[in-house]
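Subject: Structure for you to look at

Hello,

Here is the structure I said I would pass on. Please open it beside this email and find each part as you read.

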Amino acid sequence: MHLAQRAYVLVLLTAVLGVAGIWSEEPALGHLWQIPAALLLLGLALEGWFVARLPLEAQLASAPRAFLGRPQPAAFVFTNGSRRPLTVQYAPAVPSGFEPPARVRRVEAPARGTVRDAMTLLPVRLGPQPWPALPARVLGPLQLAWWTRALDPRSGIVVAPDALRAPVRPRGLVGGARPRRVAGAGAELHQLRDYAPGDPLARIDWKATARAGTLVTREFSEDQHLDILIGIDAGRFSRVRAERLDRFGLYANLAARFAEVVTQHDDRIGLIVYADRVLASCAPTRGLLGVMRLRRALEQLSVQAAESDPTAAAVSMRALLKHRALIVLLTDLDDASVAEQLKRAVRLLAPPHLVLVAGVHSGEIAALARAEAREWQDPWVALAAAEHEARGAAQRLLLQRLGAPVVAAPAEQLEQAVFSRYEALRRRRRV
């Protein structure tokens, strides 16, 4: 309970009358202070009795699922079952998976009615998010005090990885297959082209040759279905912020969207999430089934406090994959503590697999290395930043020498950079 302005007026009046009674020679004035004091105590007792029986409820009005990092409209709905209008102040408490709002909010609930207080929620962590009770206080009917109430919305939201903003319709059914046409030795005609020395005579299209006056060769289509495995680092360093999300959230969104892109080519998509041990694994699966399995697995995961062990994850990847595959490893490229293990993991996987290592490259550290010195400690900060940049560049160069393509980009550009590298590797048939 907290006294309101009207109660402080009565307290002040009590004090003034009490002082006046002490200094006055009139005996009757000595007891006048008891009147406002009695009114205050009686009013507080009545208000406490009223608020204790007050039929006030709060509910959360929002979609049952939210996408990680995507703002979602929501509202708290307050239902007042009493015959008096109510003034309610509350702190919009949210689960740990949402960014907390910054201020206390106030609503006026009409008698026997409801009021909606709209807001925007920002999901920042995956998984089910049960809603906590709302700390609230209600202004009493005599406006003498604010009375504390805990309002339980009794609801929750499941935060899922984000999807592509322009939905992609997967090619093929859950277990079906549709070929991507590329030049090969299949049975379906892909295109006609000019004859090149060394082309088999059986592939020459004599009718097209007669029309064109030069030799024309037939090219046939060949099915190309790749196995793609995404490895996500969920170790303690993945808790580092990357814009609005931590790095694990950024990697989870990238993996979910990448799975949608992969289905356009009818490739199989799988997942391994690891920290000091493997936390989740899904074998590569084609079509919508592969996308949904990956998303459901990511919904249940969070960052671990342990150090990452890429070598143990690589052993699990080799056991999971039955054919040559493209492994997209989303991890921190700047953490010197796991550099040696990351190198061993790449050597363990390649060959036979092709490993694409991707991670966030912090532009802030690079800016510190180039910043102009203004304070006495700035040169030392610049030296430390330059050393960090050099260590990261050396690690990326080492991975490239081991045959692993490396993608290091700012957080807002990492997704597009990975997608572009995947398309380039596929066109060049590196897998």
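Below are notes on a strand in the interior, two helices, the salt bridges and a patch on the surface. Keep in mind that this is a predicted model.

**Strand 19 and its neighbours**

Start with strand 19, residues 325-330. Six of its six residues are buried, so the strand is mostly covered. Ala 325, Ile 327 and Leu 329 point one way, while Leu 326, Val 328 and Leu 330 point the other way. In a regular strand, side chains alternate between the two faces of the sheet. Here the residues pointing either way are all buried.

Which strands pair with strand 19? One is strand 14 (residues 227-233), which runs parallel to strand 19 and is joined to it by six bridges. The other is strand 20, also paired in the parallel sense, over five bridges. Leu 329 is a useful residue to find, as it stands opposite Gly 231 in strand 14 and opposite Val 357 in strand 20.

**Val 357**

Val 357 lies in strand 20. Is Val 357 buried or exposed? Its relative accessibility is 0%, and because buried means under 20%, Val 357 counts as buried. Leaving aside neighbours within four places in sequence, its contacts include Leu 329, Thr 331, Leu 333, Leu 342 and Val 346. Leu 399, Ala 404, Pro 405, Val 406 and Val 407 are also in contact with Val 357. Take Leu 399 as an example: 42 residues separate it from Val 357 along the chain, but their C-alpha atoms are separated by 8.2 Å.

**Helix 9**

Leu 399 is one of the buried residues of helix 9. This helix covers residues 378-401, which is 24 residues. From first C-alpha to last it reaches 35 Å, close to the 34 Å expected at 1.5 Å a residue. Its other buried residues are Ala 382, Ala 385, His 388, Glu 389, Gly 392, Gln 395 and Arg 396. What do the buried residues of helix 9 pack against? They pack against helix 7 (339-349), strand 20 (354-360), helix 8 (363-370) and strand 21 (406-409). Just after the helix, Gly 403 takes a positive phi of about 95°.

**Helix 4**

Helix 4 runs over residues 247-264. Its 18 residues should span 26 Å at 1.5 Å a residue, and the end C-alpha atoms are 26 Å apart, which agrees. Of those 18 residues, 17 are buried, so helix 4 is largely enclosed by the rest of the structure. Asp 266 follows the helix and has a positive phi, near 60°.

**Salt bridges**

Side chains of opposite charge can pair when their charged atoms come close. How many salt bridges does a search of the whole structure find? It finds 14. Three of them are described here.

Arg 257 and Asp 162 meet through their side chains in a salt bridge, 2.5 Å from N to O. Arg 257 belongs to helix 4, and Asp 162 to the loop between strand 11 (156-160) and strand 12 (183-194), so the pair links distant parts of the chain, 95 residues apart. Both Arg 257 and Asp 162 are buried. They also belong to a network of salt bridges that links them with Arg 70 and Glu 415.

Arg 247 and Asp 332 form another salt bridge, at 2.6 Å from N to O. Arg 247 is in helix 4, while Asp 332 is in the loop between strand 19 and helix 7, 85 residues apart. Arg 247 is buried, with a relative accessible area of 6%, and Asp 332 is buried too, at 5%.

The third pair is Arg 236 and Glu 307, whose closest N and O atoms are 2.5 Å apart. Arg 236 sits in the loop between strand 14 and strand 15 (241-242), and Glu 307 in the loop between helix 5 (287-299) and helix 6 (310-320), 71 residues apart. Arg 236 counts as partly exposed at 40% relative accessibility, and so does Glu 307 at 38%.

**A patch on the surface**

Finally, turn to the outside. Leu 29, Leu 32, Ile 35 and Leu 39 make a nonpolar surface patch of about 330 Å². Of these, Leu 39 is found in helix 2 (residues 34-52).

Regards

How values were computed
Residues numbered from 1 in each chain as written. Predicted model: local features only at pLDDT ≥ 70, side-chain atom pairs only at ≥ 80, totals over all residues. Heavy atoms only, no water. Patch = residues over 30% accessible without salt bridge, like charges linked within 9 Å, V, L, I, M, F, W, Y side chains within 5 Å. Areas by Shrake-Rupley, 256 points an atom, 1.4 Å probe, with all protein chains shown as cover. Salt bridge = Lys/Arg side-chain N within 4 Å of Asp/Glu carboxyl O. Helix = DSSP H or I, 4+ residues; strand = E, 2+ residues; numbered from the N terminus. Expected span 1.5 Å × (residues − 1). Buried < 20%, exposed > 50% of the residue type's maximum accessible area, 1.4 Å probe, protein only. Contact = heavy atoms within 4.5 Å. Pairing = 2+ DSSP bridges.
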